Amino acid sequence: MSLTSSSSFPRAGFRRRLASWLYDALIAIAVYMTAGAASFLIISLMVHFGAFDLQGYQHLSDTIRNTPWLLWPNELWKLGWVSLFFVWFWSKSGQTLGMKAWRLKVQNQDGSLITITTALKRLLPTLFGLGNFTVLVDRKNKLSLQDRLTNTEVVLLTLEANRGRL
């Protein structure tokens, strides 16, 4: 797809953004759970090989939940993988799986793909989809909070433009 053709698509409205967000939220939960299973395996192997003990708790999950030096790195690990999911897809193709399903694409306002840095800047205002509610207020420009802060836009692709791989 050429640069000029991708910059000519209309901006996406609130309903499509919300539907895409719901789809991506399910995938993000799956990524979070998978990362949690991996970290649980790593921590249980560390306990098994004697790196540390259960800290007086009967179950490993209680040890993780009640030991700050295990809890916070574990949570950051899981959130890091969820963040990587969004940053990877946004910077690689402009579309997460949910965006692909709803024919949405995030791009710079000139139609080019966003960079990894821009994708990272979009993460916090995109948190829980709350930034998308500004589209309801600004119906003319259809720009969300994260769009405004990063000079990007979410556009609605045609069926033809949406074909292809992620």
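Select Arg148 and Asp138: their side chains meet in a salt bridge, with N to O at 2.0 Å. The model on screen is predicted, and that distance is a computed value. Arg148 sits in helix H8, while Asp138 is in the loop between helix H7 (134–137) and H8. The two are ten residues apart, and the pair links distant parts of the chain. Colour both by accessibility. Arg148 is partly exposed, with a relative accessible area of 43%. Asp138, at 14%, is buried, because the cut-off for buried is under 20%.

Side chains of opposite charge can pair when their charged atoms come close. How many salt bridges does a search of the whole structure find? The count is seven, and the next stops take in further ones.

**Asp147 and its partners**

Stay in H8 (residues 145–150) and select Asp147. Add Arg17, whose side chain meets that of Asp147 in a salt bridge of 3.0 Å, N to O. Arg17 lies in helix H2 and Asp147 in H8, so this pair ties together parts that are 130 residues apart in sequence. Both Arg17 and Asp147 are buried.

Now add Arg122, which also forms a salt bridge with Asp147; here the closest N and O atoms are 2.8 Å apart. Arg122 belongs to helix H6 (residues 116–126), so the bridge from H8 to H6 joins parts that are 25 residues apart in sequence. Is Asp147 buried or exposed? Asp147 has a relative accessible area of 0% and is buried. Arg122 is buried too, with a value of 3%. With the three residues shown together, the shared partners can be traced: salt bridges join Arg17, Arg122 and Asp147 into one network.

**H4 against H6**

Keep Arg122 displayed and bring up helices H4 and H6, which pack at an angle of about 130 degrees with their axes 9 Å apart. That angle makes H4 oblique to H6. Their crossing is right-handed. On the H4 side, select Ser83, Phe86, Val87, Trp90 and Ser91. On the H6 side, select Ile116, Ala119, Leu120, Arg122, Leu123 and Thr126. By class, the contact of H4 with H6 has seven nonpolar residues, three polar and one charged. Arg122 is thus listed in this contact as well as in the salt bridge with Asp147.

**H4 against H2**

Hide H6 and show helix H2 (residues 14–48) with helix H4 (residues 68–92). What is the angle between H2 and H4? The two pack at about 140 degrees, with their axes 9 Å apart. H2 and H4 are therefore oblique to each other, and the crossing is right-handed. From H2, the contact is made by Asp24, Ile27, Ala28, Val31, Tyr32, Ala35, Gly36, Ser39 and Ile43. From H4, select Leu70, Asn74, Glu75, Trp77, Lys78, Leu79, Trp81, Val82, Phe85 and Phe86. These residues divide into 13 nonpolar, three polar and three charged. Phe86 of H4 is in this contact with H2 and in the contact with H6.

**Ser20**

For the last stop, remain on H2 and centre the view on Ser20, which lies in that helix. With a relative accessibility of 4%, Ser20 counts as buried. Which residues are in contact with Ser20, leaving aside its neighbours within four places in sequence? They are Gly98, Met99, Trp102 and Leu104.

Methods
Residues are numbered from 1 along each chain as its sequence is written. This is a predicted model: local features need pLDDT of at least 70, side-chain atom pairs count only at pLDDT 80 or more; totals for chains, interfaces and linings use all residues. Side-chain values use heavy atoms; hydrogens and water are left out. Axes are lines fitted to C-alpha atoms, for helices over the stretch in contact, and angles run from 0 to 180 degrees between N-to-C directions. Helices (H or I, at least four residues) and strands (E, at least two) are DSSP runs, numbered from the N terminus. Angles under 35 degrees count as roughly parallel, over 145 as roughly antiparallel, 65 to 115 as roughly perpendicular and the rest as oblique. A crossing is left-handed if the near helix is turned anticlockwise from the far one by less than a right angle, and right-handed if clockwise. Contact means heavy atoms within 4.5 Å. Ala, Val, Leu, Ile, Met, Phe, Trp, Tyr, Cys and Pro count as nonpolar, Asp, Glu, Lys and Arg as charged, and the others, Gly among them, as polar. Buried means under 20% relative accessible area, exposed over 50%, partly exposed in between (1.4 Å probe, protein chains only). A salt bridge is a side-chain nitrogen of Lys or Arg within 4 Å of a carboxyl oxygen of Asp or Glu.
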